[in-house]
Amino acid sequence: ARAGAEDRRLRRTIVEQLLADRFGTELVNEARFQQIIDQVSELMATDPELGDLFADVMAQVRASAA
């Protein structure tokens, strides 16, 4: 369960950073922007293809942080 929670948190953080880079960091604290991050993160987690691709991205992020 803990690993799943950590995956969700990391996925969400990566999505937030990608969207903030694309649309501007001034939006990060907007409630609607946070809702979109949640929606995108959930879609990525539930789509088999995107989930696999994003699992690779998360593995690379973890490896670079180690």
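What follows is a short walk through the overall build of this predicted model and the charged residues on it.

Start with the big picture. The chain is built from 3 helices and 0 strands, so reading from the N terminus simply gives α-α-α. Measured out along the principal axes, its C-alpha atoms fill a box of roughly 30 × 25 × 20 Å. Of the 66 residues in the chain, 23% are buried. The accessible surface adds up to about 4900 Å², and carbon and sulfur atoms account for 54% of that. As for how the chain folds back on itself, take the contacts between residues at least 6 apart in sequence: 56% of these join residues at least 24 apart.

Next come the charges. The chain carries 8 positive and 12 negative charges, and the mean positions of the two sets sit 5 Å apart. Some of these charges pair up, giving 3 salt bridges in the model.

One of the salt bridges joins the side chains of Asp7 and Arg62, with 2.7 Å from N to O. This pair ties together distant parts of the chain, since Asp7 belongs to helix α1 (residues 2-23) and Arg62 to helix α3, 55 residues apart. Asp7 counts as partly exposed because its relative accessibility is 26%, and Arg62 is partly exposed too, at 38%.

Arg12 is where the other pairings come together. Its side chain meets that of Glu16 in a salt bridge of 3.8 Å, N to O. Both residues lie in helix α1, 4 residues apart, which is about one turn of the helix. Arg12 also forms a salt bridge with Asp38, here at 2.6 Å from N to O. That second pair reaches between distant parts of the chain: Asp38 is in helix α2 (residues 31-46) and Arg12 in helix α1, 26 residues apart. Taken together, Arg12, Glu16 and Asp38 make up a network of salt bridges. With a relative accessible area of 23%, Arg12 is partly exposed; Asp38, at 39%, is also partly exposed.

Finally, there is a patch of like charge on the surface. Asp47, Glu49, Asp52 and Asp56 form a negative surface patch. One of its members, Glu49, sits in helix α3 (residues 48-65). Glu49 has a relative accessibility of 65%, so it counts as exposed. Patch residues must be free of salt bridges, so none of these four takes part in the pairings described above.

Conventions: Residues numbered from 1 in each chain as written. Predicted model: local features only at pLDDT ≥ 70, side-chain atom pairs only at ≥ 80, totals over all residues. Heavy atoms only, no water. Patch = residues over 30% accessible without salt bridge, like charges linked within 9 Å, V, L, I, M, F, W, Y side chains within 5 Å. Areas by Shrake-Rupley, 256 points an atom, 1.4 Å probe, with all protein chains shown as cover. Lys, Arg positive; Asp, Glu negative; His and termini not counted. Charge placed at Lys NZ, Arg CZ, Asp CG, Glu CD. Helix = DSSP H or I, 4+ residues; strand = E, 2+ residues; numbered from the N terminus. Buried < 20%, exposed > 50% of the residue type's maximum accessible area, 1.4 Å probe, protein only. Contact = heavy atoms within 4.5 Å.
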